[in-house]
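This briefing introduces the structure shown below to a reader who is meeting it here. It takes up strand pairing and then salt bridges.

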Amino acid sequence: MAIRGIRGATTATLDKEEAILTATKQLLNAICESNPTLQSEDIASAIFTLSDDLKSAYPARAAREIGWTAVPLICAQEIPVPGSLSKCIRVLLHWNTPISQADIKHVYLRGAKQLRPDLTPIDQL
């Protein structure tokens, strides 16, 4: 079995705990819906990053709240590149799966759709 990466990103409406947790839960749930065989016990680890204007909550907490209690999680601050997307939450999941990398569905929501328009269906842009 290989380990595959699943990428995703979204934006929070505000730098408030509830806004960050809500956006992160929505993102993780959308990743699970897009990759229906994904189970938390098959996730080797997850790395979350936040843009430097989000400081009110750890997105890993949202993962714990949806039941990812045994998954190793870490949060970090994204490199503050001038002009980069504000209020952005990114995730990289490492998934133990026999599925090919080409069949993995990456998820970009809200304002983060602009980061990877090639992975966002045209009707969702």
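In this predicted model, strand E2 (residues 43-50) pairs with strand E4 (residues 88-97) in the antiparallel sense, and the pairing extends over 7 bridges. Strand E2 also pairs with strand E3 (residues 73-77), in this case in the parallel sense and over 5 bridges. As for charged side chains, the count comes to 5 salt bridges, and the points below describe some of the residues involved.

**Strand pairing**

- Within the antiparallel pairing of E2 and E4, Ala46 stands opposite Leu93, which belongs to E4.
- Within the parallel pairing of E2 and E3, Thr49 stands opposite Ala76, which belongs to E3.
- Between E2 and E3 the chain passes through helix H2 (residues 59-65), and the β-α-β crossover made in this way is right-handed.

**A salt bridge in helix H2**

- The side chains of Arg61 and Glu65 meet in a salt bridge, with a distance of 2.8 Å from N to O.
- Both Arg61 and Glu65 lie in helix H2, where they are 4 residues apart, or about one turn of the helix.
- Arg61 has a relative accessible area of 39% and is partly exposed, while Glu65, at 40% relative accessibility, also counts as partly exposed.

**A salt bridge between a loop and strand E4**

- Glu78 forms a salt bridge with Arg90, and the closest N and O atoms of this pair are 3.9 Å apart.
- This pair links distant parts of the chain, since Glu78 sits in the loop between E3 and E4 whereas Arg90 sits in strand E4, 12 residues apart.
- Glu78 is partly exposed, with a relative accessible area of 25%, whereas Arg90, with a relative accessible area of 14%, is buried because that value lies under the 20% cut-off.

**A further salt bridge and a network**

- Arg116 forms a salt bridge with Asp118, and here the closest N and O atoms are 2.6 Å apart.
- Arg116 is partly exposed, with a relative accessible area of 33%, whereas Asp118, at 54% relative accessibility, counts as exposed because that value is over 50%.
- Elsewhere, salt bridges that share partners join Glu17, Lys25, Arg61 and Glu65 into one network.

Methods. Residues numbered from 1 in each chain as written. Predicted model: local features only at pLDDT ≥ 70, side-chain atom pairs only at ≥ 80, totals over all residues. Heavy atoms only, no water. Pairing = 2+ DSSP bridges. Helix = DSSP H or I, 4+ residues; strand = E, 2+ residues; numbered from the N terminus. Right-handed = clockwise from strand over helix to strand, strands pointing away. Salt bridge = Lys/Arg side-chain N within 4 Å of Asp/Glu carboxyl O. Buried < 20%, exposed > 50% of the residue type's maximum accessible area, 1.4 Å probe, protein only.
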